[in-house]
Amino acid sequence: ETMKQIIDAEAMKRMITRLSYEIIEKNKGLEDVVLLGIRSRGSDIALRIAKRLEELEDTKVPVASIDITAYRDDKKEDTTYSNQEAVHFSITDKKVILVDDVLYTGRTIRAALDAVMDLGRPQSISLVALVDRGHRELPIRADHVGKNIPTAKSEEIVVLLEETDGKDGIYLK
Ligand code: 5GP
Ligand code: MG
């Protein structure tokens, strides 16, 4: 198996910065904006965006992680993770921004929409995906994409993050 580097650490940093600027521009600031990262890599990316947003706008945006395995029709796994406990702020009337590492069929995001609706009634929900690798099976798209990387179904995108992997990078395997 070969790993082809698509994005290095520097490019990843710039990507987080651009996505943060896009969020600020689209929402005309950060009022009512909250970030929900999808476990597990979406959570780390959401935290990074929150940090960058604070640096850029001097505003702390509420950020939390949600687990969606219980909402997937195809993956029945036991999880003790409680979204109710993890999301320690109200999302009602907020502009919820979902964050995930890779967007593929769209099934994870469909499940995430259910998970969000169970937490409250947001003003809007939008989506940040670090990578869109294509092959959608549902009418779902990301509002903000780090990089579109067309893939074969047999390929895999490897997202390495400093927090969990010791270094940043995006690879095609
Ligand atoms: P979907 O539900 O859209 O089919 O797949 C998206 C979810 O599966 C994301 O949460 C993502 O973490 C994971 N995923 C799907 N394809 C890939 C991939 O090629 N690489 C990585 N790292 N994650 C993927
Ligand atoms: Mg995932």
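In the predicted model, strand β7 spans residues 157-160 and includes I157. I157 is buried, its relative accessible area being 7%. Apart from neighbours within four places in sequence, the residues in contact with I157 are V102, V131, R133, I149, T151, I170, Y171 and L172. The C-alpha atom of I157 lies 32 Å from that of D32, a residue 125 positions away in sequence. I157 also belongs to the set of residues that surround ligand 1.

The other members of that set are R72, D100, D101, V102, Y104, T105, G106, R107, T108, R133 and E156. V102 and R133 thus appear both around ligand 1 and among the contacts of I157. By residue class, the shell around ligand 1 consists of six charged, three polar and three nonpolar residues. Three side chains place an N or O atom at a short listed distance from an oxygen atom of the ligand: 2.7 Å for D100, 2.5 Å for T108 and 2.9 Å for R133. Taken on its own, ligand 1 has 500 Å² of accessible area, of which the protein covers 79%. Two elements, β4 (95-103) and α4 (107-117), each give two or more residues to the shell. The largest share, three residues, is that of β4.

Helix α4, which contributes to the ligand shell, also has a set of buried residues, namely I109, A111, A112, A115 and V116. These residues lie on the same side of α4, because the arc they cover around the axis is only 155 degrees. In an α-helix there are 3.6 residues a turn, so residues three or four places apart point the same way. The cover over the buried residues of α4 includes the strands β2 (33-38), β3 (63-66), β4 and β5 (124-132), together with helix α3 (83-86). Strand β4 therefore figures both in the cover of these residues and in the shell around ligand 1.

One of the buried residues of α4, A115, can be related to T69, which is located in the loop between β3 and α3. The two residues are 46 positions apart along the chain, and their C-alpha atoms are separated by 9.6 Å. T69 has a relative accessible area of 18% and is therefore buried, given the cut-off of under 20%.

Strand β3, one of the elements that cover α4, contains S65. With a relative accessible area of 19%, S65 also counts as buried. The side chain of S65 forms a polar contact of 2.9 Å with the side chain of S43. Leaving out residues up to four places away in sequence, S65 touches S43 as well as G37, R39, Y81, N83, A86 and V87.

R39, a contact of S65, is joined to S40 by a cis peptide bond, with omega at about 0 degrees. S40 is situated in the loop between β2 and α2 (41-57). Most peptide bonds are trans, and most residues other than glycine have a negative phi. Positive phi values are found at D93 and H135. For D93, which is not a glycine, phi is near 65 degrees; D93 is placed in the loop between α3 and β4. For H135, likewise not a glycine, phi is about 70 degrees. The loop that holds H135 runs between β5 and β6 (144-148). H135 is partly exposed, with a relative accessibility of 28%.

Strand β6, which follows the loop of H135, contains G146. The relative accessibility of G146 is 11%, and this residue therefore counts as buried. When residues up to four places away in sequence are not counted, G146 touches M15, R18, L19, A129 and L130. The C-alpha atom of G146 is separated by 15 Å from that of L172, 26 residues away along the chain. L172 is in turn one of the residues in contact with I157 of strand β7.

How values were computed. Residues numbered from 1 in each chain as written. Chains lettered and ligands numbered in written order. Predicted model: local features only at pLDDT ≥ 70, side-chain atom pairs only at ≥ 80, totals over all residues. Heavy atoms only, no water. Near = heavy atom within 4 Å. Polar contact = N/O pair within 3.5 Å; in protein donor to acceptor, adjacent residues only side chain to side chain. Areas by Shrake-Rupley, 256 points an atom, 1.4 Å probe, with all protein chains shown as cover. Helix = DSSP H or I, 4+ residues; strand = E, 2+ residues; numbered from the N terminus. Nonpolar A, V, L, I, M, F, W, Y, C, P; charged D, E, K, R; others polar. Buried < 20%, exposed > 50% of the residue type's maximum accessible area, 1.4 Å probe, protein only. Arc of directions from axis to C-beta. Contact = heavy atoms within 4.5 Å.
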